[in-house]
Amino acid sequence: MLDSHQELDDLTARVVALLAEVEQGPGGRVRADVVMSGIARAAGPRTKDLDHAVLRGHLLDAGRHTPGLRAPRSNPRSHQGNIAS
């Protein structure tokens with residue numbers, strides 16, 4: 001059903017392309033797929049009881065860490081809710 005939505009396909013392709021550019025070659029493509037698969041899994045039924053701000057913070061952190069992206073500059077509004085290590 002989701003495959004029939006061209007806008008979603010285009011958005012996903014752009015995100016994967018951005019993630020894959022972090023590392024040239026096959027490694028970048030693999031990391032991009034790992035990040036996308038992990039985000040999809042992490043936002044599933046096993047985490048539905050988490051506060052949305054807490055889940056968002058964890059997803060942002062994992063999404064930056066996994067492909068090797070650097071952390072953003074400190075911004076007091078960037079993470080709303082405590083993130084446990």
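User: In this predicted model, is T47 buried or exposed?
Analyst: The relative accessible area of T47 is 17%. The cut-off for burial is under 20%. Because 17% falls under that cut-off, T47 counts as buried.

User: Where does T47 lie?
Analyst: T47 is in a loop, with a helix on either side. One is α2, residues 26-42, and the other is α3, residues 52-65. The location is thus the loop between α2 and α3.

User: Which residues does T47 contact, leaving aside its neighbours within four places in sequence?
Analyst: Contact requires heavy atoms within 4.5 Å. With the neighbours within four places set aside, the partners of T47 are A42 and L55.

User: What span should α2 have, and how far apart are its end C-alpha atoms?
Analyst: Helix α2 has 17 residues, counted at 1.5 Å a residue. The expected span takes one less than the number of residues, so α2 should cover 24 Å. Its end C-alpha atoms agree with that, with a separation of 24 Å.

User: What arc do the buried residues G28, A32 and V35 cover around the axis of α2?
Analyst: G28, A32 and V35 are buried in α2. They sit on the same side of the helix, because their arc around the axis is only 65 degrees. In general, an α-helix has 3.6 residues a turn, so residues three or four places apart point the same way. The arc asked for is 65 degrees.

User: Which residues are exposed on the other side of α2?
Analyst: Exposed means over 50% relative accessible area. On the side of α2 away from the buried residues, those exposed are P26, R29, V30, A40 and R41.

User: Which helices are included in what covers the buried residues of α2?
Analyst: The protein has three helices and zero strands, in the order α-α-α from the N terminus. The cover over the buried residues of α2 includes α1, residues 6-20. It also includes a second helix. The two named are α1 and α3.

User: Is M36 of α2 buried, partly exposed or exposed?
Analyst: M36 has 26% relative accessibility. The class between buried and exposed runs from 20% to 50%. M36 therefore counts as partly exposed.

User: What distance separates the C-alpha atoms of M36 and V16?
Analyst: Leaving aside neighbours within four places in sequence, M36 is in contact with T12, V15, V16 and L19. V16 and M36 are 20 residues apart along the chain. Their C-alpha atoms are separated by 7.5 Å.

Methods
Residues are numbered from 1 along each chain as its sequence is written. This is a predicted model: local features need pLDDT of at least 70, side-chain atom pairs count only at pLDDT 80 or more; totals for chains, interfaces and linings use all residues. Side-chain values use heavy atoms; hydrogens and water are left out. Helices (H or I, at least four residues) and strands (E, at least two) are DSSP runs, numbered from the N terminus. Buried means under 20% relative accessible area, exposed over 50%, partly exposed in between (1.4 Å probe, protein chains only). The arc is that of the directions from the helix axis to the C-beta atoms.
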